[in-house]
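Me: I should like to study a protein model through a series of questions. Please show me the sequence and the structure before we begin.

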Amino acid sequence: MKITVIGTGYVGLVSGAVFADWGHDVVCLDVDESKIQNIKNGVMPIYEEGLQELVNKVQNVEKRFLATTDYKMAVEHGELLFICVGTPGNQSGAADLSYVFQVSESIGKFMNSTDYKVIITKSTVPVGTHNKVKEYIKKGAGDKKIEFSVASNPEFLREGTSIYDANNTDRVVIGSDSNKALDMLENLYKHLNAPIVKTDLASAELIKYAANAFLATKISFINEISQICERTGADVVSVAQGMGLDKRIGSKFLNAGIGYGGSCFPKDVEALYRTSSENFYDFRLLRGVMDANERQKYYFIEKIFSKYNSNLSGLTFGVLGAAFKNGTDDVRKSVALEVIKLLRGSGAQIKLYDPAAMDTAKGALGNEYIEYAKQANDVFIGSDAIVILTEWPEFVSLNYESLVGKLKSKVIFDGRNLLDPEGMKEMGVEYYPIGRHNAI
Ligand code: UGA
């Protein structure tokens, strides 16, 4: 099939490369010249496991992938046109759809009247957006007669494992009011060993928000349980294990921590709440999910403040983790960064290490009161305490036995429950995890 992907962020670039890997002819369009030039040169705009190798293979070896800024060529190329541009949250919490609409209008402008095309939104857009996408395509076409259908095909990729996820998805969701469009999309995905949910446009759009909001609810729920654990002597890791073994609940997304972050959950939960308000419904549960998430990081910071009698000035914290989660260099809405900023703002000095996000963290935090370490071990040297903020597996396997000896005092605040409380006790570490009964 001939496929055009518009937008070369996480979703667009990964989807484009994966479609090409499946044997389709893909054109990836972006308006950012330097981004396209970099992709052509094999330099990826994002850090994603296996992406560089995959793009190199489909672009240079198999030659089924072309990155371009040429809108006309890109629109003319695809039978399927995927809109994969960003939908950032705006000031009021709603999704900013201006990029989606600009793209829709441009598609209408560059479409030929002889072709039939399916225009698919992969970007996360509020329920009902398809109506506007249709209007903007028609607006772009002006008096020209064009034949097209719109569809919604939400994406469930996780950053860090997105190529694996694209090939091993739990399900494919496609929504359209055109059977022809549904069939074409079904053809694209039918080789995957996954159920395909074919539905109407509004349901497909809502599935994406409902799924992300539900996962965020799970995280906030276990974070709230961690608070009960701290107050009753129960252990949140055991509680999560005992809950998660019930197949109706499932064990994933039950890791208590400092709260969810990233470019998706915070924005999508907020946007769903907005959508419900706009439809005269007060989705109170979601309000609670957002409040719990906000509170959770302060509970963690509170542990640090109370250990030092609310005076952090002159202290140095060795910080492990800046990315919003492991496996990525992304620091957008990273709770780790928020915690770092709060510590720094309270007069502390930071020594920071993250396996992937050093450059992005530097871009977001600058150099004031922050030293960027070359390796994890370095943040221990001469620091007053260690603060773990991202769930990188690398941090579990550090040689704590020898490293804690390099600290001024053996204190670890573990915002991701990565370490074993018993082991820490044996090493004489004053250990502060989240909701665990060995917590001090
Ligand atoms: C999320 C969804 O998981 C994807 O299915 C979806 O496609 C994507 O958003 C999107 O809408 O594009 P992602 O933002 O990459 O993916 O990250 P997650 O792995 O879901 O983690 C989100 C946040 O929750 C991270 O800050 C992570 O540290 C936190 N988290 C996750 C926890 O605090 N506890 C957990 O048990 C799991």
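Me: In which strand is Gln 349 found?
Reply: This is a predicted model, in which local features need pLDDT of at least 70 and side-chain atom pairs count only at pLDDT 80 or more, while totals for chains, interfaces and linings use all residues. Residues are numbered from 1 along each chain as its sequence is written, and side-chain values use heavy atoms, with hydrogens and water left out. Helices (H or I, at least four residues) and strands (E, at least two) are DSSP runs, numbered from the N terminus. By that numbering, Gln 349 belongs to residues 349-353, which form strand S10.

Me: Is Gln 349 buried, partly exposed or exposed?
Reply: Buried means under 20% relative accessible area, exposed means over 50%, and partly exposed lies in between, using a 1.4 Å probe and protein chains only. The relative accessibility of Gln 349 is 34%, so this residue counts as partly exposed.

Me: How many Å apart in space are Gln 349 and Leu 182?
Reply: In sequence, Gln 349 and Leu 182 are 167 residues apart. From C-alpha to C-alpha, their separation in space is 56 Å.

Me: Which residues of helix H14 are buried, and on which side do they lie?
Reply: Helix H14 covers residues 358-365, and its buried residues include Met 358, Ala 361 and Leu 365. They cover an arc of only 65° around the axis, so they lie on the same side of H14; the arc is that of the directions from the helix axis to the C-beta atoms. The face turned away from this buried side carries the exposed residues Asp 359 and Gly 363. The buried residues asked for are therefore Met 358, Ala 361 and Leu 365, on the same side of H14.

Me: Between which domains does the largest cavity lie?
Reply: On a 1 Å grid over the protein atoms alone, a cavity is a set of points where a 1.4 Å probe fits but cannot get out, and lining residues have an atom within 4 Å of a point. The largest cavity has a volume of about 50 Å³, a volume being the space filled by probe spheres set on the points, which are joined across faces, edges and corners. Domain bounds come from an automatic or database domain assignment. Both domains give residues to the lining, so the cavity lies between domain 1 (2-199) and domain 2 (200-439).

Me: Which helix gives the largest share of the lining of the largest cavity?
Reply: The lining includes Thr 121, Ser 152, Glu 205, Lys 208 and Tyr 209. The largest share, three residues, comes from helix H9 (residues 201-232).

Me: At which residue does UniProt place the feature "active site"?
Reply: The UniProt entry is unreviewed; its positions are given in the numbering used here, feature names are shortened, and annotations may be inferred rather than shown by experiment. The residue is found in the loop between helix H10 (236-244) and helix H11 (265-278). With a relative accessible area of 33%, this residue is partly exposed. The record's "active site" is at Cys 264.

Me: Is Tyr 260 buried or exposed?
Reply: Tyr 260 lies in the loop between H10 and H11. Its C-alpha atom is separated by 9.9 Å from that of Asn 223, 37 residues apart along the chain. The relative accessible area of Tyr 260 is 7%, so this residue is buried.

Methods:
1 Å grid on protein atoms, 1.4 Å probe; cavity = no way out; pocket = protein on both sides within 12 Å on 5 of 7 lines; lining within 4 Å.
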